[in-house]
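I opened this notebook to record what I looked up, beginning with a strand pairing and working outwards from there.

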Amino acid sequence: MSASTLSQNQLQALQQQHPLLWLNSYYEDTESAPLTPDPAELDAAEARLALFAPLLAHIFPELEPSAGIIESPLLSGSALAEELNLKEGQLWFKGDHLLPVAGSIKARGGIHEVLWFAERVAKEHNLLGDSDNNCLQLATDAARHIFADYTITVGSTGNLGLSIGIIGAALGFKTVVHMSADAKEWKKTRLRERGVIVVEHSGDYGAAVEAGRKASTADPKGYFVDDERSTHLFMGYAVAARRLAKQLEANHITVNQQHPLFVYLPAGVGGAPGGIMYGLKSIFGAHVHCFFAEPTAAPCMLTGMATTPAQPVQSVYDAGLDGLTEADGLAVGTASQWVCDATRDLLSGVYTASDKSLFSALLRLKIGANIEVEPSAAISYFGPTWLDSPIGQHYQEAHGLTAYKDNATHICWLTGGSFVPPEEYQAYLNTAQQLSS
C-alpha cells in the first residue's frame, strides 16, 4: 500500500464516515505534481469549442440562442447566505446543473472530446481540410456515413455517459456507455432513447471503465474516452474557468490578494473538478482557493491527493470504506492517478458530507432559491460552512486571508440536476423531507 499523509485521527474519521475538512499538505508544493499539463492544450480546447459552435447549434436546437456555446449562468446565492451563516463576502452558485444538451458539468469536457475525435476522423477522410472551417460538413449525410463505422466507448456512473452518448449519437457514431451499478435508471433510459448502447455492470465505476477500455481496445475502429486519463476531457472542463472569469467581470467581482475567491467543487474521479481547478489557477493563481467536496463513503480524491507523490493513489477501499453512496456521480472508489499527479499542488483541501446532509442541502436549495439539483450536486452547498470551521479558519490564517473575509467571493459549483425526471426529483424531495422531520 502506498504511503499517505493522513494522520491516524483523520484515517479514523474517514473510516467512521465522520464529515471532515482535510487540508492538503502538498498545496503549492510543485514537486508533488510530477505531471505538467500543457497550457496550449487549454487554448486549443477553447478554440475548438468556439469553432464548432455553429455545428452544435445546428444539431441541438436548444443551443441556437447561445449560438452553439454550451455555458451555464452564475447565480446569486444571497438568499441562502444567512442560512449558511455566511456573514462576510458574497455567495454565488455556478449553475452547471442548467447546462444544455447534457445537463451536467460533464457537458463541456465530454462534448469537446467527441468533437476532437470527429474532427480527426473527418480530416482523415478529407471531409475537412487543414484550413477548412466549415464545421457543418460534420452534419452531412456523408459524414454520418463515415462516422457510423466508428465506435465511441466510455465508462461512467451516469453524467459523463450522457454527455458522450448524446453528442456521439447525434453525430452518427456508434456509441457505447458502460455503466456501473450506481448509475440511475433514468440516465440509462435517456441514453437508450437516443440510440446509445448501454452496458450495465454489477461492479463499481472502476469496473465499468475497465470493461469499456478492454472492449474498445479490441475494436480497430474503436475510440475510448478515458475519464481517468484524458487530457481532452480535462481541458474541455478547464474552459469553464475562462468563461467564469468573464462572468465574474460582468458582475463586477474582483479577484486579487485583497479579494480572494473560494470555489467548492463536487469530485468523483477528479477530471471535471481537476480541470476547472487547473483553469482557475492558470487565471487567478494564489488568489483562488479550490476545495473538492465528496461523500463520506467515497472520498477518493481525498485519499488520492493524500497519497505520497509518485506513488499509486490509495483508494477508498484502502481506507476501509465501501464507496456506497446516493451521490451516484461521486460514487468512485479510486481517483484518477493522472489528475492527482497533475494537480496535487493546486488543491487547497477536501471536505466530506454524509448522504443525509446531501438531501438536506438539496431541500434547502429548492426552498431557499428554487434550485433543483441531484444529491451529488448539492454537496457544494456546504463549502462556506466548512471554511468557517476551526480548520477552515486555520487555513485562512495560514494564507493571510483573515483580514479579507468581507471581500471574499464564494462559489458553490452545482454539477447536475436539470435533466432529472420530475417524478425522480420529487422522490429526492420526499426523502429529504422525511430525513429532516
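**Sheet, lysine and two helices**

I began at one residue pair: Glu294 stands opposite Thr352 in β10. The model I am reading is a predicted one. Looking up the strands around that pair, I found that β9 (residues 288-295) and β10 (residues 347-353) run parallel and are joined over six bridges.

Next I traced the whole sheet, which is open and mixed in its pairing, with seven strands in the order β1-β10-β9-β8-β11-β3-β2. At its edges I noted β1 (21-23) and β2 (74-76), each of which pairs on one side only. For the twist I wrote down an average of 25° between neighbouring strands, direction ignored.

I then asked which strands helix α11 lies across. Helix α11 (residues 271-284) lies across β8 (261-266), β9, β10 and β11 (409-414), and its direction is at about 170° to that of β9. I also looked at helix α17 (residues 390-398), which packs on the sheet with contacts to β1, β8, β9 and β10, and makes an angle of about 25° with β1.

My second entry concerns Lys106, which is covered by the UniProt annotation "modified residue: N6-(pyridoxal phosphate)lysine", taken from an unreviewed entry. I located Lys106 in helix α5 (residues 106-124). Is Lys106 buried or exposed? Its relative accessibility is 15%, and buried means under 20%, so I entered Lys106 as buried. Leaving aside residues up to four places away in sequence, I listed its contacts as Ile111, Asn159, Leu160, Ser163, Asp227, Tyr237 and Ala272.

My third entry turns to helix α8 (residues 185-192), where I found Trp186, Lys187, Lys188 and Leu191 buried. These buried residues pack against α7 (159-171), β5 (174-179), β6 (197-200) and α18 (422-436).

That last partner led me to α18, whose 15 residues reach 21 Å from first C-alpha to last, close to the 21 Å expected at 1.5 Å a residue. Which residues of α18 are buried? I noted Tyr425, Tyr428, Leu429 and Ala432. Viewed down the axis of α18, these buried residues fall within an arc of 95°, so I recorded them as lining one face of the helix. As background I added that an α-helix has 3.6 residues a turn, so residues three or four places apart point the same way. On the other side of α18, I found Glu423 and Gln434 exposed. Finally, I looked up what covers the buried residues of α18, and the cover includes α8, α14 (355-369) and α15 (375-378).

Definitions and conventions: Residues are numbered from 1 along each chain as its sequence is written. This is a predicted model: local features need pLDDT of at least 70, side-chain atom pairs count only at pLDDT 80 or more; totals for chains, interfaces and linings use all residues. Side-chain values use heavy atoms; hydrogens and water are left out. Two strands pair if DSSP finds at least two bridges between them. Helices (H or I, at least four residues) and strands (E, at least two) are DSSP runs, numbered from the N terminus. Axes are lines fitted to C-alpha atoms, for helices over the stretch in contact, and angles run from 0 to 180 degrees between N-to-C directions. Contact means heavy atoms within 4.5 Å. UniProt positions are given in the numbering used here, feature names are shortened, and annotations may be inferred rather than shown by experiment. Buried means under 20% relative accessible area, exposed over 50%, partly exposed in between (1.4 Å probe, protein chains only). The expected span of a helix is 1.5 Å times one less than its number of residues. The arc is that of the directions from the helix axis to the C-beta atoms.
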